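Biologist: I'd like to walk through this fold step by step. Can you show me the model?

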Amino acid sequence: MKLLIAGDDTFDDVNLFKERCDALLVNSTDIEIVFTGDTALDTLAAIYALAEDYPVMQFKSLADAVQYSDASIIFWNSEQDTPMADLIEIAKDMKYRIVRY
């Protein structure tokens with residue numbers, strides 16, 4: 001599974017991040033973590049992938065990351081005017097989970 005992990009610029013809760021990723025990925029195999037590297041959340045995704053020994057793929061743009069991925073976990077503060085609201089619309093074509101904070 002090519003798993004895009006994305007979220008709002010304001011997300012930085014390490015404990016919530018690990019808790020939700022662990023819970024959502026518990027029965028998953030062949031995971032590759034996908035991210036853009038633009039936010040603190042992207043740094044969390046890279047650290048998580050390293051700790052769990054998952055391969056990673058980093059993209060320069062969210063559009064490219066979405067196109068490459070087949071599933072996503074989106075950390076979102078529920079504000080409608082953010083890029084994450086747009087991502088959620090796009091993600092409806094793939095398996096996705098939204099973690100609201």
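Modeller: Sure, and keep in mind that the model is predicted. One definition to start: two strands pair if DSSP finds at least two bridges between them.

Biologist: Okay, in what order do the strands form the open sheet?

Modeller: There are 5 strands in this open sheet, and their pairing is parallel. The edge strands, S3 and S5 (95-100), each pair on one side only. From one strand to the next, the twist averages 20°. Put together, the order reads S3-S2-S1-S4-S5.

Biologist: Which residue in S2 does Leu3 stand opposite?

Modeller: Start with strand S1, residues 2-7, which pairs with S2 in the parallel sense over 3 bridges. Over in S2, the residue opposite Leu3 is Ile33.

Biologist: At what angle to S4 does helix H4 run?

Modeller: Helix H1 lies across S1, S4 (71-76) and S5, running at about 150° to S4. Helix H4, residues 83-91, lies across S1, S4 and S5. The angle of H4 to S4 is about 155°.

Biologist: Is Asp30 buried or exposed?

Modeller: Asp30 sits in the loop between helix H1 (14-25) and strand S2 (32-35). It isn't a glycine, yet its phi is positive, about 50°. The cut-off for exposed is over 50% relative accessible area. Asp30 has 68% relative accessibility, so it counts as exposed.

Biologist: And what is the phi of Asp53?

Modeller: You'll find Asp53 in the loop between helix H2 (40-52) and strand S3 (56-58). Because its relative accessibility is 70%, Asp53 counts as exposed. Although Asp53 is not a glycine, its phi is positive, at about 60°.

Key. Residues numbered from 1 in each chain as written. Predicted model: local features only at pLDDT ≥ 70, side-chain atom pairs only at ≥ 80, totals over all residues. Heavy atoms only, no water. Helix = DSSP H or I, 4+ residues; strand = E, 2+ residues; numbered from the N terminus. Buried < 20%, exposed > 50% of the residue type's maximum accessible area, 1.4 Å probe, protein only. Axes fitted to C-alpha atoms, helices over the stretch in contact; angles between N-to-C directions. Contact = heavy atoms within 4.5 Å.
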